[in-house]
Amino acid sequence: MVLMRTDPFREFDRLTQQMFGTLARPAVMPIDAYQTGDSFVVHFDLPGVDPDTVDLNVERNLLTVRAERPAPDAKDADLLVNERPHGVFSRQLFLGESLDLEKVSADYNAGVLTLRIPVAKEAKPRRIEISRGEQGAKQITT
């Protein structure tokens, strides 16, 4: 026989943490984003997600990532601990006008979805030639 303390709010706290997350374990998929060279890179943590359930959409400047992790099949078992989030996860990012959304590439490896979005050619710095009357032309970098 095991004696356990009961807390009437324990189940409520557990459900709240699953829905909204905690500082240690957020409910949404965590990301890292950075710019390197001529590309913008985003890493999404999706451990245990089947890559076939990942859906990527870009509409105008809104990137939407949707993924699903099924609940464990424990029909005939007594569930002791249920801390891993499961179900449908979704995350949206607003992308800048300077990115080339036609050339987004995606790779899923070891539970991490990596997106590479190149900077548009129109957004890259270029040289503009300015003529100065009789003194000749001078180049200015913008």
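Two strands count as paired here if DSSP finds at least two bridges between them, and by that rule β6 and β7 are a pair, running antiparallel and joined by 5 bridges. I start from that hairpin because the threshold of at least two bridges is what decides every pairing I mention this morning. Please keep in mind throughout that what we are looking at is a predicted model.

Let me first give the overall layout, and then come back to the hairpin. The protein chain has 1 helix and 9 strands, and, read from the N terminus on, the order is α-β-β-β-β-β-β-β-β-β. Of the 142 residues in the protein chain, 19% are buried. The protein chain exposes about 11500 Å², and carbon and sulfur atoms supply 51% of that area. As for contacts, if we take those between residues at least 6 apart in sequence, 43% of them join residues at least 24 apart.

Now back to β6 and β7. Within this pair, N109 has V112 in β7 as its bridge partner, and the hairpin has 2 residues between the strands. One of the residues in the loop between β6 and β7 is A110, whose phi is near 55°, a positive value in a residue other than glycine. Most residues other than glycine have a negative phi, which is the reason for pointing this one out. How does A110 stand with respect to solvent, buried or exposed? With a relative accessible area of 76%, A110 is over the 50% that marks an exposed residue, and therefore it is classed as exposed.

The other partner of β7 that I want to show is β2. These two strands, β2 at residues 39-45 and β7 at residues 112-118, pair in the antiparallel sense over 7 bridges, and within that pairing V41 stands opposite R116 in β7. The strand β7 is also mostly covered, since 5 of its 7 residues are buried.

That leads to the nonpolar core. The largest one has 18 residues, and the residues with the most contacts inside it are F44, L46, L63, L95 and L113. The elements that give two or more residues to this core are β2, β4, β5 and β7. If you would like to centre the view on one residue of that list, L46 is a convenient choice: leaving aside residues up to four places away in sequence, L46 touches M29, V54, A67, Y108, G111 and L113.

Next, the open sheet. Which strands form it, and in what order? It is made of 3 strands in the order β3-β4-β5, with antiparallel pairing. Its edge strands are β3, at residues 55-59, and β5, each of which pairs on one side only. The twist averages 15° from one strand to the next. Looking at one of the pairings in detail, β3 and β4, the latter covering residues 62-69, pair in the antiparallel sense over 5 bridges, and the bridge partner of L56 in β4 is V65.

The loop between β3 and β4 holds R60, and here again we meet a positive phi, of about 55°, in a residue that is not a glycine. R60 is exposed, with a relative accessible area of 76%.

Finally, the charged pair. Side chains of opposite charge can pair when their charged atoms come close. In this model the count comes to 1 salt bridge, and it is formed by K103 with D100, the closest N and O atoms being 3.9 Å apart. Because the cut-off is 4 Å, that distance falls within it, and I would ask you to read the pair with the cut-off in mind. How do the two partners compare in burial? K103, at 52% relative accessibility, counts as exposed, whereas D100 is buried, with a relative accessible area of 19%. Both values should be read against their limits, because buried means under 20% and exposed means over 50%.

As for its surroundings, D100 is found in the loop between β5, residues 87-94, and β6, residues 105-109. Not counting residues up to four places away in sequence, D100 touches I117, P118, V119 and A120, and of the strands I have described, β7 is the one that spans residues 112-118.

Definitions and conventions
Residues numbered from 1 in each chain as written. Predicted model: local features only at pLDDT ≥ 70, side-chain atom pairs only at ≥ 80, totals over all residues. Heavy atoms only, no water. Helix = DSSP H or I, 4+ residues; strand = E, 2+ residues; numbered from the N terminus. Contact = heavy atoms within 4.5 Å. Axes fitted to C-alpha atoms, helices over the stretch in contact; angles between N-to-C directions. Buried < 20%, exposed > 50% of the residue type's maximum accessible area, 1.4 Å probe, protein only. Areas by Shrake-Rupley, 256 points an atom, 1.4 Å probe, with all protein chains shown as cover. Core = buried A, V, L, I, M, F, W, Y, C linked by side-chain atoms within 4.5 Å. Salt bridge = Lys/Arg side-chain N within 4 Å of Asp/Glu carboxyl O.
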